[in-house]
Amino acid sequence: MTPAPIFDSLETLRTRTSAKWTVFEPDVLPLPVAEMDFQLAEPIAETLMAAIRRSDTGYQFPHTALPEAFAAFAGRRWNWTVDPGQVWTTTDVSVAIVETLRRVAPVGSEVVVNPPIYPPFFDLIPEAGHRVKEVPLAPDGAGAWMIDLDGLEAAFAGGARAFLLCNPHNPLGLPHSRETLAAVAELAQRYDVAVVSDEIHGPLTYPDATFTPFLDVSDAARRQGVCVTAASKGWNIAGLKCALMVTAHPNKATIVGGMPDEVNWRTSIFGYLASVAAFSQAEEWLDSALVQLRSNRSLLGNLLAEHLPGVRYAEPQASYLAWLDLRALGWGDDPSAHALESARVALNPGPTFGAEGNGFVRLNFACSPEILVEAVTRLAG
């Protein structure tokens, strides 16, 4: 395995111009935006620099390199057989969601989401011309969460035409089980509901958990589903702008493949080239990153137990995002406001993930251990 990726120093990080490092004042530790503080994987950096050296900065023409690289990665990583002929690209996962929803559900339809959920979902659905239908996650009886299948069926029976699934679930870092996904697919087929599965955090599933692609669980899932994903989270290349839309049945392939050419042409050539490099040459870097992130995941738990024992924290099984229950601290419905004002630590406000997020925050632990220690120490006052 390659050495663990290197965290840039705080001084170097503050020279970055991405949102994470420019939105907040210089004395704030920024831990909300889903960017990692690692240095870029060398195969990706070399690919991008080679493109610059040959002035390869034009339009990206759709071709087979990325579909084939993703299919090979999916086969190695998840034993999922992907047909490269059913893989298309576009700008990012948000665009993929909107463009897909526009074509799989009639205008004005209800689209189901499971709060607490990635906040842009609440905006992407209206952008596509639809209405949000909330079916919150339910306790599984063992201290974790799962999709409320009864609530989901009620929403489908009530007329919802699509389900915007998040797998692994953001902000919980929860990869849904094969059994749950199969049950979702069966309900979707019974009520003829399209499932758009956002699987962008799939590559960041830890070795002690299992990620199951929705399209791999059953014939019903393949008939009803479209996967949208990207290398952007796993390899920290969101700004390069490239995402994938994957199908596994002729009916959905006709829909996605029939999108206007402009949907595909919006793909960035840098994003395309970097994604090919990520899936085909940087898997060892990903594994090494997961080793460090897993260490940070444990470190965060230990720091909270020592300095903020009232905070409830369930380690995520995927992603570098921690969903923290701060209600015992008495910091109100939006504890992130108190954290920013009093501790100069920026966190994601829980209420933006839905009403179920009141009293919660989301924290990004894809940072150096030193920054994580400093952040929790500040929060503890």
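In this predicted model, the contact between helices H7 and H8 brings Leu149, Leu152, Glu153, Phe156 and Ala157 of H7 against Thr180, Ala183, Val184, Leu187, Ala188, Arg190 and Tyr191 of H8. When the residues of this contact are sorted by character, nine are nonpolar, one is polar and two are charged. Two packed helices are described by the angle between their axes and the distance between the axes. Here the axes of H7, which covers residues 149–157, and of H8, which covers residues 178–191, come within 10 Å and cross at roughly 15°. Angles under 35 degrees count as roughly parallel, and H7 and H8 are therefore roughly parallel to each other. The crossing in which H7 passes H8 is right-handed.

A loop residue can be followed in a similar way. His201 sits in the loop between strand S8 (194–198) and helix H9 (219–224), and with a relative accessibility of 5% it counts as buried, because buried means under 20%. If its neighbours within four places in sequence are left aside, the residues in contact with His201 are Pro168, Asn170, Lys233, Ala318, Ser319 and Leu321.

Charged side chains offer another path through the structure, in which the count of salt bridges comes to 23. One of them joins the side chains of Arg344 and Asp27, with 2.9 Å from N to O. Arg344 belongs to the loop between helix H15 (335–343) and strand S13 (345–346), while Asp27 belongs to the loop between helix H2 (19–22) and strand S1 (29–30), so this pair ties together parts that are 317 residues apart in sequence. Arg344 is partly exposed at 23% relative accessible area, and Asp27 is also partly exposed, at 39%.

A salt bridge also links Lys241 with Asp92, whose closest N and O atoms are 2.8 Å apart. Lys241 lies in the loop between helix H10 (232–235) and strand S10 (243–246), and Asp92 in the loop between strand S2 (87–90) and helix H5 (93–104), so parts 149 residues apart in sequence are tied together. Lys241, at 34% relative accessibility, counts as partly exposed, whereas Asp92, at 19%, counts as buried.

Between helices, Arg77 forms a salt bridge with Glu283, and their closest N and O atoms are 3.1 Å apart. This pair links distant parts of the chain, since Arg77 is in helix H4 (residues 65–78) and Glu283 in helix H14 (residues 283–307), 206 residues apart. Arg77 is partly exposed, with a relative accessible area of 22%, but Glu283 is buried, with 17%. Through salt bridges that share partners, Arg76, Arg77, Glu283 and Asp287 are joined into one network.

Terms used. Residues numbered from 1 in each chain as written. Predicted model: local features only at pLDDT ≥ 70, side-chain atom pairs only at ≥ 80, totals over all residues. Heavy atoms only, no water. Axes fitted to C-alpha atoms, helices over the stretch in contact; angles between N-to-C directions. Helix = DSSP H or I, 4+ residues; strand = E, 2+ residues; numbered from the N terminus. Parallel < 35°, antiparallel > 145°, perpendicular 65-115°, else oblique. Left-handed = near helix turned anticlockwise from the far one by under 90°. Contact = heavy atoms within 4.5 Å. Nonpolar A, V, L, I, M, F, W, Y, C, P; charged D, E, K, R; others polar. Buried < 20%, exposed > 50% of the residue type's maximum accessible area, 1.4 Å probe, protein only. Salt bridge = Lys/Arg side-chain N within 4 Å of Asp/Glu carboxyl O.
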